[in-house]
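Colleague: I am new to this structure and would be glad of a guided look at one small part of it. Could you start there and then show me what lies around it?

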Amino acid sequence: APPGNTIGFVMSEGCACVWPTFTICDAEQQPILRIHTPCCGIGCCECSPQYPVKSLDGVDVGVIQKQWSGFAKEMFTDADNFGITFPLDMDVKAKGTMMGALFLIDFLFFEKSQNNNH
């Protein structure tokens, strides 16, 4: 989309800190997909949590997954690896908004606070 044009929104349902459901909306804020946070999806253990992406009627259409990078990288860096899958024929704006949701999930659940007053 050209700069300044909204392609979609990611909205949180419920408490954003405790297993929220994210709704992916189009540019008119109409829901198109839902992302469910797994109970282990908050970076509390050594696993690769999956965030299923479903259509509004509950059909699986993709997944966002944090990939375990190994003990040293997970403990001593703030770098994370994620994978994302979606149908090839999905609307490109929905794909872009899913990428935004991936960054939101990373920020909410996997980034460490630096407490550096910035």
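In which loop is the place of Gly 58?

Modeller: Happy to help! Please keep in mind that this is a predicted model. Gly 58 sits in the loop that runs between β4 and β5, the latter spanning residues 60-67. With a relative accessibility of 42%, Gly 58 counts as partly exposed, because that class covers values between 20% and 50%. Along the chain, Gly 58 and Leu 33 are 25 residues apart, and their C-alpha atoms are separated by 9.0 Å.

To place that loop, let us step back to the whole chain. The protein chain has 2 helices and 6 strands, and from the N terminus on its elements follow the pattern β-β-β-β-β-α-β-α. The strands form an open sheet of 6 strands in the order β1-β2-β3-β4-β5-β6, with antiparallel pairing. At the edges stand β1 (9-13) and β6 (81-85); each has a single partner strand, so one side of each is left without a neighbour in the sheet. On average, neighbouring strands of this sheet are turned by 20 degrees against each other, direction ignored. Let us take one pair as an example: β1 and β2 run antiparallel and are joined by 5 bridges. Ser 12 takes part in this pairing, with Phe 22 as its bridge partner in β2.

Now for the interior. The largest nonpolar core has 16 residues, and the ones that touch the most other members are Ile 35, Tyr 51, Ile 64 and Ile 105. Two or more residues each come from β2 (21-25), β3 (31-36), β4 (50-55) and α2 (92-109). The element that gives the most to this core is α2, with 6 residues. So that strand β4, which leads into the loop of Gly 58, is also one of the contributors to this core.

Ile 35 is a good residue to look at closely. Leaving aside residues up to four places away in sequence, Ile 35 touches Pro 20, Thr 21, Phe 22, Ile 24, Tyr 51, Pro 52, Val 53, Ile 64, Ala 101 and Ile 105. Among these contacts is Phe 22, the bridge partner of Ser 12 that we met in β2.

Finally, some totals for the chain. Of its 118 residues, 29% count as buried. Among contacts between residues at least 6 apart in sequence, 32% join residues at least 24 apart. The accessible surface comes to about 7,200 Å², and 58% of that belongs to carbon and sulfur atoms.

Key:
Residues are numbered from 1 along each chain as its sequence is written. This is a predicted model: local features need pLDDT of at least 70, side-chain atom pairs count only at pLDDT 80 or more; totals for chains, interfaces and linings use all residues. Side-chain values use heavy atoms; hydrogens and water are left out. A nonpolar core is a set of buried Ala, Val, Leu, Ile, Met, Phe, Trp, Tyr and Cys residues joined through side-chain atoms within 4.5 Å. Buried means under 20% relative accessible area, exposed over 50%, partly exposed in between (1.4 Å probe, protein chains only). Helices (H or I, at least four residues) and strands (E, at least two) are DSSP runs, numbered from the N terminus. Contact means heavy atoms within 4.5 Å. Two strands pair if DSSP finds at least two bridges between them. Axes are lines fitted to C-alpha atoms, for helices over the stretch in contact, and angles run from 0 to 180 degrees between N-to-C directions. Accessible areas come from the Shrake-Rupley method with a 1.4 Å probe; for residues, only the protein chains shown count as cover.
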